[in-house]
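Good morning, and thank you for making time for this presentation. I would ask you to keep the display in view while I speak.

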Amino acid sequence: MPDSPPKPPEDGPPGGKTRREGGVATEERQKTKRPERFKVLLFNDDYTPMEFVVALLEQLFKKGPAEATQLMLQIHKAGKGIAGVYVLEVAETKVATVHRMAEERGYPLRAGVESE
Ligand code: TYC
């Protein structure tokens with residue numbers, strides 16, 4: 001059996017980066033942190049029309065018609081419900097859009113962000 005060529009030194013687990021400085025290998029573990037997620041809550045009120053909430057759940061939160069209707073009714077009965085879960089910046093933009101769309105029509109619909 002011929003000698004196999006010398007193997008390169010072990011670099012450690014994938015995701016790690018090996019830096020060599022002056023002959024010393026320094027392991028930098030790459031932290032692949034999942035970004036924190038936030039719930040967008042919709043709150044019930046007595047004045048916003050059901051059809052408006054359903055349309056908003058379809059357009060802004062990408063629900064199908066059946067799911068949007070069920071979710072609107074759940075919020076109507078329970079007082080609040082989760083419209084979607086997003087990274088913080090997206091969640092805050094959704095809340096601002098809900099408030100803008102509702103205010104444009106004079107409805108008091110409120111939304112908020114809550115840590116998952
Ligand atoms: N309660 C409202 C009505 O009876 C409907 C509604 C549902 C309003 C969900 C807000 O987040 C809401 N017209």
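Thr-48 is found in the loop that runs between strand E3 (37-43) and H1. The model on display is a predicted one, and every position I mention should be understood in that light. With a relative accessible area of 11%, Thr-48 is buried. A polar atom of the Thr-48 side chain lies 3.3 Å from the backbone nitrogen of Leu-109. The backbone of Thr-48 is involved as well: one of its polar atoms is 2.9 Å from a nitrogen atom of the ligand.

This brings me to the ligand. Which residues are around the ligand? They are Phe-43, Asn-44, Asp-45, Thr-48, Met-50, Val-53, Met-72, Ile-75, His-76 and Leu-109. Thr-48 and Leu-109, which I have just described as a contact, both appear in that list. By character, the shell divides into six nonpolar residues, three polar ones and one charged. As for where these residues come from, H1 and H2 each contribute at least two, and H2 gives the largest share, with three residues.

Two side chains also deserve mention for their polar atoms. In Asn-44, an N or O atom of the side chain is 2.7 Å from a nitrogen atom of the ligand. In His-76, a polar side-chain atom lies 2.9 Å from a nitrogen atom of the ligand. How much of the ligand's accessible area does the protein cover? On its own the ligand has 340 Å² of accessible area, and the protein covers 89% of it.

I turn now to the aromatic rings. A pair of aromatic rings is described by the distance of the centres and the angle of the planes. In this model the count comes to two aromatic pairs. One of them joins Phe-52 and Tyr-107, with 5.1 Å from centre to centre and 65 degrees between the planes, an edge-to-face arrangement. Phe-52 belongs to helix H1 (residues 50-59), while Tyr-107 sits in the loop between helix H3 (88-104) and strand E5 (110-115), so this pair ties together parts that are 55 residues apart in sequence. Are these two residues buried or partly exposed? Phe-52 counts as buried, because its relative accessibility is 11% and the limit for buried is under 20%. Tyr-107, at 26% relative accessibility, counts as partly exposed.

The other pair consists of Phe-61 and Tyr-86, whose ring centres are 6.4 Å apart; the planes meet at 45 degrees, so this pair is tilted. Phe-61 lies in the loop between H1 and helix H2 (65-78), and Tyr-86 in strand E4 (residues 80-87), so parts that are 25 residues apart in sequence are tied together here. Phe-61 is buried, with a relative accessible area of 4%. Tyr-86 is buried too, with a value of 17%. In addition, Lys-94 lies over the face of Phe-61, at 6.0 Å from the ring centre.

One last residue remains. Lys-63 is located in the loop between H1 and H2, the loop that also holds Phe-61. Is Lys-63 buried or exposed? Its relative accessibility is 18%, so Lys-63 counts as buried. Along the chain, Lys-63 and Gly-84 are 21 residues apart, and their C-alpha atoms are separated by 9.3 Å.

That concludes the presentation, and I thank you for your attention.

Methods:
Residues are numbered from 1 along each chain as its sequence is written. This is a predicted model: local features need pLDDT of at least 70, side-chain atom pairs count only at pLDDT 80 or more; totals for chains, interfaces and linings use all residues. Side-chain values use heavy atoms; hydrogens and water are left out. Rings of Phe, Tyr and Trp (its six-membered ring) pair if their centres lie within 6.5 Å; planes under 30 degrees apart count as stacked, over 60 as edge-to-face and the rest as tilted. Helices (H or I, at least four residues) and strands (E, at least two) are DSSP runs, numbered from the N terminus. Buried means under 20% relative accessible area, exposed over 50%, partly exposed in between (1.4 Å probe, protein chains only). A charge sits over a ring if NZ of Lys or CZ of Arg is within 6 Å of the ring centre and within 35 degrees of the ring normal. A residue is near a molecule or strand if one of its heavy atoms lies within 4 Å of it. A polar contact is a pair of N or O atoms within 3.5 Å; within protein, one must be able to donate a hydrogen and the other to accept it, and residues adjacent in sequence count only if both atoms are side-chain atoms. Accessible areas come from the Shrake-Rupley method with a 1.4 Å probe; for residues, only the protein chains shown count as cover. Ala, Val, Leu, Ile, Met, Phe, Trp, Tyr, Cys and Pro count as nonpolar, Asp, Glu, Lys and Arg as charged, and the others, Gly among them, as polar.
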